[in-house]
Amino acid sequence: MDPTVSLHLGVDRNSPVPLYFQLSQQLEAAIEQGMLTPGSLLGNEIELAARLGLSRPTVRQAIQSLVDKGLLVRRRGVGTQVVHSQVRRPLELSSLYDDLEAAGQRPATRVLLNTLVSASAEIAAALAVPEGQEVHRIERLRLAHGEPMAYLCNHLPTGLLALDSGQLESTGLYRLMRAAGITLHSARQSVGARAATLLEGERLDEPEGAPLLTMERTTFDDTGRAVEFGTHTYRASRYSFEFQLLVRS
């Protein structure tokens, strides 16, 4: 059964908003609110157009706009299918694991590396330790609904907490830090973008050259001590950062 049949879809022909955009907004809201669930197939464009009294090109344009946003995908021999909605993460001092869990995205983690390394000049400067001193290095792949979302590389000073790979796969790093009595207070963070390398593409299930979002963060505790330096890459097709901007009077 076409899942759109149960939706209250409609357009206002007297509105200056284009008809295709009205429809696409309603379908997008249904996806974001879980009324159109991931994996469900949209019905025939002709039937949807007839039901709403719209032309087929209008319906096709609405659906294509959601394909372009990554909310729908056209599969040969299958049809138009709903995919998992993009994760929108606020720019605040929070754990990706917690943000995904709060958004109902079923987070999971694969620990790729958990070891001690000598601090490079960059890492030593971020963590305020001597260059060459041993620090923890953790590499993780964060997934949502079984799909890779982000590659996370974190460096931490030794002696802060036990970093067990099993615990790192079952919960977020910040939860473990808080459980160890570390009070996270503030962070210095930068966000950027670049094209994926071949290795990054393979890791994140994206083609080489696909756009990636990057984030670099140094986190401090309530004494001002640097407790974590992270360099992360995210799939731009599935992930975005949200900013709240205030106007100065």
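In this predicted model, six strands form an open sheet in the order E4-E5-E6-E9-E8-E7, and their pairing is antiparallel. Strand E4 (107-118) and strand E7 (184-195) are the edge strands, each of which pairs on one side only. On average, neighbouring strands of this sheet are turned by 15° against each other, direction ignored. Strands of a sheet pair through backbone hydrogen bonds, either in the parallel or in the antiparallel sense.

Within the sheet, strand E6 (residues 147-157) and strand E9 (residues 226-235) pair in the antiparallel sense over six bridges. Leucine 152 has histidine 232, in E9, as its bridge partner. Tyrosine 151 takes part in a contact of another kind: the charged end of arginine 203 sits over the ring of tyrosine 151, 3.9 Å from the ring centre.

Two loops that lead into strands contain a residue with a positive phi that is not a glycine. The table sets out both residues.

| Residue | Phi | Loop between | Relative accessible area |
|---|---|---|---|
| Alanine 128 | about 55° | helix H5 (121-127) and strand E5 (134-144) | 69% |
| Aspartate 205 | about 60° | helix H8 (198-204) and strand E8 (211-221) | 56% |

Alanine 128 counts as exposed because its relative accessible area, 69%, is over 50%. Aspartate 205 is likewise exposed, with a relative accessibility of 56%. A positive phi is also found at glycine 34, just after helix H1, where the angle is about 85°.

Helix H1 itself comprises residues 19-32, 14 residues in total. From its first C-alpha to its last, H1 reaches 20 Å, close to the 20 Å expected at 1.5 Å a residue. The buried residues of H1 are Gln22, Leu23, Ser24, Leu27, Glu28, Ala30 and Ile31. An α-helix has 3.6 residues a turn, so residues three or four places apart point the same way.

The structure holds one aromatic pair. Tyrosine 20 and phenylalanine 21 form this pair, with 6.3 Å from centre to centre and 75° between the planes. The arrangement is classed as edge-to-face because the angle of 75° is over 60 degrees. Tyrosine 20 is partly exposed, at 25% relative accessibility, and phenylalanine 21 is also partly exposed, at 35%. Phenylalanine 21 lies in helix H1. Although phenylalanine 21 and alanine 62 are 41 residues apart in sequence, they are 6.1 Å apart in space, C-alpha to C-alpha.

The nonpolar interior may now be described. In soluble globular proteins, nonpolar side chains tend to be buried together. Here the largest nonpolar core has 19 residues. Those with the most contacts inside this core are Leu9, Leu23, Leu27, Leu36, Val59 and Leu72. H1, helix H2 (45-52) and helix H3 (56-68) each supply at least two residues of the core. A second, separate core has 14 residues, among them Val111, Tyr174, Leu176 and Met177. Leu23 and Leu27, listed for the largest core, also appear among the buried residues of H1.

Note on methods
Residues are numbered from 1 along each chain as its sequence is written. This is a predicted model: local features need pLDDT of at least 70, side-chain atom pairs count only at pLDDT 80 or more; totals for chains, interfaces and linings use all residues. Side-chain values use heavy atoms; hydrogens and water are left out. Helices (H or I, at least four residues) and strands (E, at least two) are DSSP runs, numbered from the N terminus. The expected span of a helix is 1.5 Å times one less than its number of residues. Buried means under 20% relative accessible area, exposed over 50%, partly exposed in between (1.4 Å probe, protein chains only). Two strands pair if DSSP finds at least two bridges between them. Axes are lines fitted to C-alpha atoms, for helices over the stretch in contact, and angles run from 0 to 180 degrees between N-to-C directions. Rings of Phe, Tyr and Trp (its six-membered ring) pair if their centres lie within 6.5 Å; planes under 30 degrees apart count as stacked, over 60 as edge-to-face and the rest as tilted. A charge sits over a ring if NZ of Lys or CZ of Arg is within 6 Å of the ring centre and within 35 degrees of the ring normal. A nonpolar core is a set of buried Ala, Val, Leu, Ile, Met, Phe, Trp, Tyr and Cys residues joined through side-chain atoms within 4.5 Å.
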